[in-house]
Amino acid sequence: VLCLIVQALLWLLFAVNLFAGLIQLPAFDLTAISGIAIVACIFGICILGINTLVPKLGNGNQVENLKQGINSLKANEKVFEALLKEQPYLKIEETDSQLIFGEPDAGLQITIFSNPYCSPCAKMHKRVEKLLENKQDKLCIRYILSAFGEELETINKYLIAVSLEKDRHTALQIFGEWFEKGRPLGEALFKEMGLDMNNPEIETEFQKHGTWKAKTQLRSTPTILVNGYKLPENYKIEDLRYFTEFTIDVK
């Protein structure tokens, strides 16, 4: 209907302009015919353009409605829990890692298997920070660290020291600094923080991370686990903000 109304308006404008003398039709010679052809082409292009554009706008609305429907389905707790429990389950004990942010006793326990030198892990940490901004009292995020090689494991120990000696808010900021700009700096980033790197708890915690990695045989970083289950492929960590009010039962 909209398309027909627009076309009628265009032809009405043409007729009004013609009868009002705003459009002059010269004698029918070659030049006049060319002028009429140009005017006809302009009107024709407008009509064809509108006919092409209107359906695409309609399709755009359909896509938006489809996205809203999918998001609504993804936010359904029963759907999420059913999909989650189809994923591989990796048992995680509270003693496996003390690198915790948020609320330790929250019903939603998110474990991130990460690597300090991994670029996707750096991007993931930024997303974690945003998730914690408004939901830090509703969920627990636990880091378990890996490394590309023994020569890079020292940074894991520095980050463990930060988690053991600093409060959670400060530790989260230091983790953010490392992932944002620390990788080129290496150990120099931590030199002025007054960390006791001789603390035996650092080595104990580091060994726990290695033991869990060997037990689960995980290699890909970052890997996200929700109450022990791998996050389904169709979900992002940002989607977990929908599920902070309920507890997912584990095996």
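## Strands 4 and 5, and the sheet they belong to

In this predicted model, strand 4 (residues 223-226) and strand 5 run antiparallel and are joined by two bridges. If you want a place to look in that pairing, try Val226, which stands opposite Tyr229 of strand 5.

Stepping back, the sheet is an open one of five strands, with mixed pairing and the order 1-3-2-4-5. Its edges are strand 1 (99-102) and strand 5 (229-230), each of which pairs on one side only.

## The loop leading into strand 4

The loop between helix 7 and strand 4 holds two backbone details worth a look. Pro222 sits in this loop, and the peptide bond that reaches Pro222 from Thr221 is cis, with omega near -5°. Gln217 also belongs to the loop between helix 7 and strand 4; Gln217 is not a glycine, yet its phi is positive, at about 60°.

## Helix 6 over the sheet

Helix 6 (residues 168-182) is a good one to follow next. Helix 6 lies across strand 1, strand 2 (108-114) and strand 3 (139-145), and runs at about 110° to strand 1.

## Helix 6 and its helical partners

Two packed helices are described by the angle between their axes and the distance between those axes. For helix 4 (residues 119-135) and helix 6, the angle is about 150° and the axes are 9 Å apart. Angles over 145 degrees count as roughly antiparallel, and helix 4 and helix 6 are therefore roughly antiparallel to each other. Their crossing is left-handed. Helix 4 brings Cys121, Ala122, His125, Lys126, Glu129 and Leu132 to the contact, and helix 6 brings Leu172, Phe175, Gly176, Phe179 and Glu180. Sorted by class, the contact of helix 4 with helix 6 has six nonpolar, two polar and three charged residues.

Helix 5 (residues 153-165) also packs with helix 6: the two axes come within 9 Å and cross at roughly 155°. Helix 5 and helix 6 are therefore roughly antiparallel to each other as well. Here the crossing is right-handed. On the helix 5 side you will find Ile155, Leu159, Val162 and Ser163, which meet Ala171, Ile174, Phe175 and Trp178 of helix 6. This contact of helix 5 with helix 6 divides into seven nonpolar residues, one polar and no charged. Phe175 is a residue to pick out in helix 6, since Phe175 appears in the contact with helix 4 and again in the contact with helix 5.

## Helix 5 against helix 7

Helix 5 has a further partner in helix 7 (residues 200-216): their axes come within 9 Å and cross at roughly 115°. Helix 5 passes helix 7 in a right-handed crossing. From helix 5 the contact takes Glu153, Asn156, Lys157, Ile160, Ala161 and Leu164, and from helix 7 it takes Glu201, Ile202, Glu203, Glu205, Phe206 and His209. By class, the residues of the contact of helix 5 with helix 7 are five nonpolar, two polar and five charged.

## Helix 1 at the N-terminal end

Helix 1 (residues 2-19) offers a simple check on helix geometry. At 1.5 Å a residue, its 18 residues should span 26 Å, and this agrees with the 26 Å between its end C-alpha atoms. After helix 1 comes Gly21, with a positive phi near 85°.

Conventions
Residues numbered from 1 in each chain as written. Predicted model: local features only at pLDDT ≥ 70, side-chain atom pairs only at ≥ 80, totals over all residues. Heavy atoms only, no water. Pairing = 2+ DSSP bridges. Helix = DSSP H or I, 4+ residues; strand = E, 2+ residues; numbered from the N terminus. Contact = heavy atoms within 4.5 Å. Axes fitted to C-alpha atoms, helices over the stretch in contact; angles between N-to-C directions. Expected span 1.5 Å × (residues − 1). Parallel < 35°, antiparallel > 145°, perpendicular 65-115°, else oblique. Left-handed = near helix turned anticlockwise from the far one by under 90°. Nonpolar A, V, L, I, M, F, W, Y, C, P; charged D, E, K, R; others polar.
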